[in-house]
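Q: I am new to this structure and would like a close look at a single part of the picture, the contacts made by charged side chains, with enough of the surroundings to place them. Please take me through it slowly.

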Amino acid sequence: MTVAQQPEALNFECETGNYHTFCPISCVAWLYQKIEDSFFLVIGTKTCGYFLQNAMGVMIFAEPRYAMAELEEGDISAQLSDYEELKRLCEQIKRDRNPSVIVWIGTCTTEIIKTDLEGLAPKLESEIGIPIVVARANGLDYAFTQGEDTVLAAMANRCPEKAPVSETDKNERNAIQKLLNFGKKKEEVAQDESEYVDHKPLVLFGSLPDPVVTQLTLELKRQGIKVSGWLPAKRFTELPVIEEGYYVAGVNPFLSRTATTLMRRRKCKLIGAPFPIGPDGTRAWIEKICSVFGITPQGLDEREAQIWAGLEEYVKLIRGKSVFFMGDNLLEVSLARFLVRCGMTVQEIGIPYMDKRYQAAELALLEKTCQEMGSPLPTIVEKPDNYNQIQRIYESKPDLVITGMAHANPLEARGINTKWSVEFTFAQIHGFTNARDVLELVTRPLRRNNNLKDLGWDKLVREEAKI
Amino acid sequence: MKLAYWMYAGPAHIGTLRIASSFKNVHAIMHAPIGDDYFNVMRSMLSRERNFTPVTTSVVDRNVLARGSQEKVVDNITRKDAEEHPDLIVLTPTCTSSILQEDLHNFVERAQLEAKGDVMLADVNHYRYNELQAADRTLHQIVQYYIEKARKRGELPEGKTEKPSVNIIGTSTLGFHNNHDCTELKRLMADLGIEVNTLIPEGASVNDLKKMPKAWFNLIPYRELGLATAQYLEEQFGTPYIDITPMGVVETARCIRKIQQVVNAQGAEVDYEEFINEQTLHVSQAAWFSRSIDCQNLTGKKAVVFGDNTHAAAMTKILAREMGIHVVWAGTYCKYDADWFREQVSEYCDEVLITDDHGAIGDAIARVEPSAIFGTQMERHVGKRLDIPCGVIAAPIHVQNFPIGYKPFMGYEGTNQITDLIYNSFTLGMEDHLLEIFGGHDTKEVISRGISADSDLSWSKDGQAELNKIPGFVRGKVKRNTEKFARERGFKEITTEVLYAAKESVGA
């Protein structure tokens, strides 16, 4: 690579948008597991259903709390009434599963035939007595993880507006849940008021596995910051109270609609911070939250240094190596920033959609990290074109390509190391504790191929094969 | 609207893409929103393809919704034509594009003016056909297109090949064991002295399609794919076709006898009886297996069969006719072709089940409690839940159903493979049963004792709860590492914080 002209600022480009990613309806796969009393109904066609069935692999066999409302020819040509049809299915779901909320996922088809889901939901909700949340997570507008964003933005409107005044009210809200969870220990971190600094309530948003929620909550507790709630919570009935003037902070880079909704509709103040991915990101995230509350962070230097020391065996495998993000899940900027800090050179950051406002702090940290590490500033390619990217990969020969599963095997067969990007979405990657897991993923192909490198089996396609 | 959790056959465009990407140097362009290209993931992951799947998308987004595709589709076709010079580009509509009602025909005509390769629109209605029907139609459409093109140019070859020859029609990408079947069928044809004229669609070039009329006959090994093409060729050129699936000893023999009849009718003088006899008695082990005492033990055992038409029908016949197993019910999800299935299997099973509702299948399995199930991956999971072994015989399938080793289901080697599959399913079931009678393996209790069994450390309630959230297969390791960490640092009680501190320090 020629480093003749070092760009001074990050360079943003936009290509054709012909790239591979998952459909945003895939968010039901992790959200139905996260929100334990929910039922997700995807209103779409066989195409949507087949995608879920194939993308979720074995999870489908575990009697998932999601299903397709499969549209048939009569639905498309409006011979059947949407309302009556949805009512029939939702009543069946109520009978069989009795969830606390039904989430309707609108798809491309409901967009095109203009099914008024937002209009139908309140009517049906009052008729069957179960809240119905509508999220239009379709492939016309969104990519992959943005599906979660549309669902959480819709949920943000369902968060209670007033904190319960007395202890009895508080109990009342969860009375039935308590009954159902009889004997089950509450898993949230015990919140003893005396351990906290007096600050305005803080609610975090973004769906994370429960252990990661615990870890991040503990991390803030060390600084005396109390997390008043998470959007989403483990159960729909436990959605956090959000009052005007509350502070909110995102934990994932793809939650811009949720952030907007919390600011505009719920009048919250958004703490714009880098995301807690990698020890550098986690530290910056905590520091930013502390600074908003006027707290001087304690012991973060040592904590970060200690984590980095523990990562050294992985970092030495990737230091000085180059990486290329083809882009499909919006985690790219945060991951790239962490990898630059690990000593990698980032050749390109492909990303489906770039919200420069919501990601501002993350972008600033990326720029700063590149300068501090003496690494060239990467180009951020929004709506990339996979064909062009592959030509660029052939030219620049990165040591690692982070890409979707459609391209991974063909690239490996051409001697290019790849890591499936989807794994970053499903693995635990947030906070100090999980920095190791990110590097475990990033270095796995390098470690594997190191083991095989003397065999001379790098290129496994015939010469005449195209591209 | 229909409440659905699982489907046996995919949407129509998957069928079209399977055909297009089976051919060499054919590219498919889907008119679809972002995310609909998961076919590429399936092909790359399931069949571990080394090459890029020749499918791209002309993306339908908000702009297209508002103003129509305009130049976009045409540009994408001509761009792909220039980049990769495919022989043919198949524009593939999806459920989304079919309700947009754009004039895709017009796009194809316009793109054809500029493109060097051929361009066609897959003619498939998304709301009427499933994956299998769409595949059958698309294959027919492509063959017809190239036959007519050759006819117009006067390039259709005259007459038949000198020696008896065959077109094998229907092996395709992502088909259940199709690549192994294909090898086995070629071998069988070679043994019979029959030349393979063309083999489509897998690995074929569209430029070879005009050769198809030269074959003496067409062989359609799979009921679901190729029949429309064979009927078209019969209509156009009088080429007879054979649609007997050579799966199982009896059916393989029946297929070979039919071949003999068809080629002899065209002037060959072949007698395959000796070959059939030799293969049946000495090459295939299946006939001997049915006489052996192993198979005697299977007599009258109950089984159920479910799958696509081809495999479910063939398996039912093998189980009942060749092994004396009691098939309680046999079923198919090919509802559109149910009559054929009924006719094939009714004399070999008590009951025929036609449905694509996996819940009904699960119930029917639970109701009859068979000793073994032969079905798709879905039935395998039903079997797991009910503790009944299952042999997978048809799609939908997972990556483990794309074995690297040679495992045909067709021809004489196929009979051996099927015998193993059946026998292993049943013995495992017997073994399980015996284990149950004797209360399981007596080693079960001992193995879980790790070094931390007599721990001097206590776990706090939250620490224990957090530990329990860690997946079972690594929990033991995490527990040991955490306790080691706590011991070294003199912690008496292990809380959530200690657990994560240990994880950070040693990567437990």
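A: A salt bridge, as the term is used here, is a side-chain nitrogen of Lys or Arg within 4 Å of a carboxyl oxygen of Asp or Glu. With that rule applied to the whole structure, which is a predicted model, the search finds 57 salt bridges over all chains.

A good place to begin is helix 19 of chain A, which covers residues 435–452 and holds both A:Glu440 and A:Arg444, four residues apart, or about one turn of the helix. These two side chains form a salt bridge in which the closest N and O atoms are 3.8 Å apart, and this distance counts because the cut-off for a salt bridge is 4 Å. A:Glu440 also forms a salt bridge with A:Arg447, and there the closest N and O atoms are 3.1 Å apart. As for their surroundings, A:Glu440 is partly exposed, with a relative accessible area of 25%, A:Arg444 is partly exposed at 35%, and A:Arg447 is likewise counted as partly exposed, at 27%.

Chain B offers a pair with the same spacing along a helix, since B:Glu483 and B:Lys479 both lie in helix 20 of chain B (residues 472–489), four residues apart, about one turn of the helix. Their side chains meet in a salt bridge of 3.7 Å, N to O. The two ends have separate settings: B:Glu483 counts as buried because its relative accessibility is 1%, while B:Lys479, at 26%, counts as partly exposed.

Some charged residues are joined in a wider arrangement, and in chain A one network of salt bridges links A:Lys34, A:Glu36, A:Asp210, A:Lys234, A:Arg235 and A:Glu238. The chain that carries this network has 19 helices and 14 strands, and buried residues make up 60% of its 467 residues. Among contacts in chain A between residues at least 6 apart in sequence, 77% join residues at least 24 apart.

Charged side chains also take part where the two chains meet. Across the interface of chain A and chain B the rule finds six salt bridges, and B:Arg62 forms a salt bridge with A:Glu111, with the closest N and O atoms 2.5 Å apart. The side of chain A that touches chain B draws its largest share, eight residues, from helix 4 of chain A, which spans residues 82–97. Taken as a whole, the interface brings 85 residues of chain A into contact with 66 residues of chain B, and 27 residue pairs are found in polar contact across it, both residues of each pair having pLDDT 80 or more. The area buried between chain A and chain B is about 6,600 Å², and carbon and sulfur atoms give 60% of it.

A charged side chain may also be placed against an aromatic ring, and chain A shows this in the following two places. A:Lys123 lies over the face of A:Tyr83, at 4.4 Å from the ring centre, and the charged end of A:Lys356 sits over the ring of A:Phe12, 4.1 Å from its centre.

The rings themselves complete the surroundings, for the structure holds 20 aromatic pairs over all chains. One of them is formed by B:Phe289 and B:Tyr423, which are edge-to-face, with 5.6 Å from centre to centre and 70 degrees between the planes. This pair links distant parts of the chain, as B:Phe289 belongs to helix 12 of chain B (residues 286–291) and B:Tyr423 to helix 18 of chain B (residues 411–437), 134 residues apart. B:Phe289 is buried, with a relative accessible area of 10%, whereas B:Tyr423 counts as partly exposed at 23% relative accessibility. The rings of B:Phe374 and B:Phe426 have their centres 6.1 Å apart and their planes at 55 degrees, and so this pair is tilted. Here too distant parts of the chain are linked, with B:Phe374 in strand 13 of chain B (residues 372–375) and B:Phe426 in helix 18 of chain B, 52 residues apart. B:Phe374 counts as buried at 0% relative accessibility, and B:Phe426 counts as buried at 2%. Finally, one aromatic cluster is formed by A:Phe22, A:Trp30, A:Tyr50, A:Phe51, A:Phe144, A:Phe426 and B:Tyr38.

How values were computed: Residues are numbered from 1 along each chain as its sequence is written. Chains are lettered from A and ligands numbered from 1 in the order in which they are written. Side-chain values use heavy atoms; hydrogens and water are left out. Rings of Phe, Tyr and Trp (its six-membered ring) pair if their centres lie within 6.5 Å; planes under 30 degrees apart count as stacked, over 60 as edge-to-face and the rest as tilted. Helices (H or I, at least four residues) and strands (E, at least two) are DSSP runs, numbered from the N terminus. Buried means under 20% relative accessible area, exposed over 50%, partly exposed in between (1.4 Å probe, protein chains only). A charge sits over a ring if NZ of Lys or CZ of Arg is within 6 Å of the ring centre and within 35 degrees of the ring normal. Contact means heavy atoms within 4.5 Å. Buried area is the accessible area (1.4 Å probe) that two parts lose on being put together, summed over both. A polar contact is a pair of N or O atoms within 3.5 Å; within protein, one must be able to donate a hydrogen and the other to accept it, and residues adjacent in sequence count only if both atoms are side-chain atoms.
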